[in-house]
Amino acid sequence: MEDKLKKMIKNNYNLSKKLLPEYDRVYTDIVCYLRASSFDDLKVEECIEDILGMLMEAQERGIAAKDVIGPDYKAFCDSIIESSKLKRWSLQKLFFLLEILISTAGLMYGLDLLFWVIPESLKTRTLPLAYTLKLSFLINTLIIAFASIFFVQYIGKISFDEADSKGKKVFFLYLLVVASTVFFSIFLRKYVLLTLPIYLIPLLLGILYAIIKLMKRKLIANQLA
């Protein structure tokens, strides 16, 4: 059943490639805004399918997008979201959040090995059999994971703003995240939480990720049934 969602995503993508630039700009802003909403993947693709149909029809008739959607694209999207009456949080959103969190932890673990553990091992000529979990690792993992989610949501929410304004806001937030992670890396690295076998963290992260993917697949299958 998940294949059905993938097929819908592929069809929408292929159809969107047929839009002329002036329609494609409207389409891109609308898609960004809807993806940052409370909609799950399936609902977003259903909406995109409908909106693509409207824009393709406008394009074929030679009329502007605003003539079929209305002049206020943000209000158009809000009306779709409000009419759906979906809950703000869904299980699919929760799984997405957990996927990001686990992926970020895996990335941070890999970077820690690359820049700290392996160089130290080469320096002392010993095999790295243990991994020291530090407070800076946990704090920075949480910051980067939630910042990633926030960026996606924020960029979607401001998708209808002017390009220059969007760029400045995103750049400022990016600098804030980088400065925060550097600060915590320097000042919290000395705080050790526990020491684990070096294989244990990737093993646990891999198992958790697989479980979440299976649960998400089952949830989508139930929605499509």
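In this predicted model, a suitable starting point is Ser 121, which belongs to helix α6, the helix formed by residues 91-124. Is this residue buried or exposed? Ser 121 counts as buried because its relative accessibility is 12%, and the limit for a buried residue is under 20%. The side chain of Ser 121 comes to 2.2 Å from the backbone oxygen of Thr 126. When residues up to four places away in sequence are set aside, Ser 121 is in contact with Thr 126, Leu 127 and Pro 128. Thr 126 therefore appears both as the partner of the Ser 121 side chain and among the residues that Ser 121 touches.

The discussion now turns to charged side chains. The structure contains 6 salt bridges, and one of them joins the side chains of Arg 61 and Glu 57, with a distance of 3.6 Å from N to O. Where do these two residues stand along helix α3? Arg 61 and Glu 57 are separated by about one helical turn, because they are 4 residues apart in this helix, which covers residues 41-61. The two partners can also be described by their accessibility. Arg 61 has a relative accessibility of 54% and so counts as exposed, whereas Glu 57, with a relative accessible area of 43%, is partly exposed.

Helix α5, made up of residues 73-84, holds both Lys 74 and Asp 78. These residues form a salt bridge in which the closest N and O atoms are 3.6 Å apart. Along the helix, Lys 74 and Asp 78 are 4 residues apart, about one turn. Lys 74 is partly exposed at 37% relative accessibility, and Asp 78 is partly exposed with a relative accessible area of 23%.

A further salt bridge is found between Glu 99 and Lys 216, whose closest N and O atoms are 3.0 Å apart. Which parts of the chain does this pair link? Glu 99 lies in helix α6 and Lys 216 in helix α9, which spans residues 200-224; the two residues are 117 residues apart, and the pair thus links distant parts of the chain. Glu 99 is buried, since its relative accessible area is 8%. Lys 216 is likewise buried, with a relative accessible area of 13%. The pair also belongs to a network of salt bridges that links Glu 99, Lys 213 and Lys 216.

Helix α6 thus holds both Ser 121, with which this account began, and Glu 99, the partner of Lys 216 in helix α9.

Methods
Residues numbered from 1 in each chain as written. Predicted model: local features only at pLDDT ≥ 70, side-chain atom pairs only at ≥ 80, totals over all residues. Heavy atoms only, no water. Buried < 20%, exposed > 50% of the residue type's maximum accessible area, 1.4 Å probe, protein only. Polar contact = N/O pair within 3.5 Å; in protein donor to acceptor, adjacent residues only side chain to side chain. Contact = heavy atoms within 4.5 Å. Salt bridge = Lys/Arg side-chain N within 4 Å of Asp/Glu carboxyl O.
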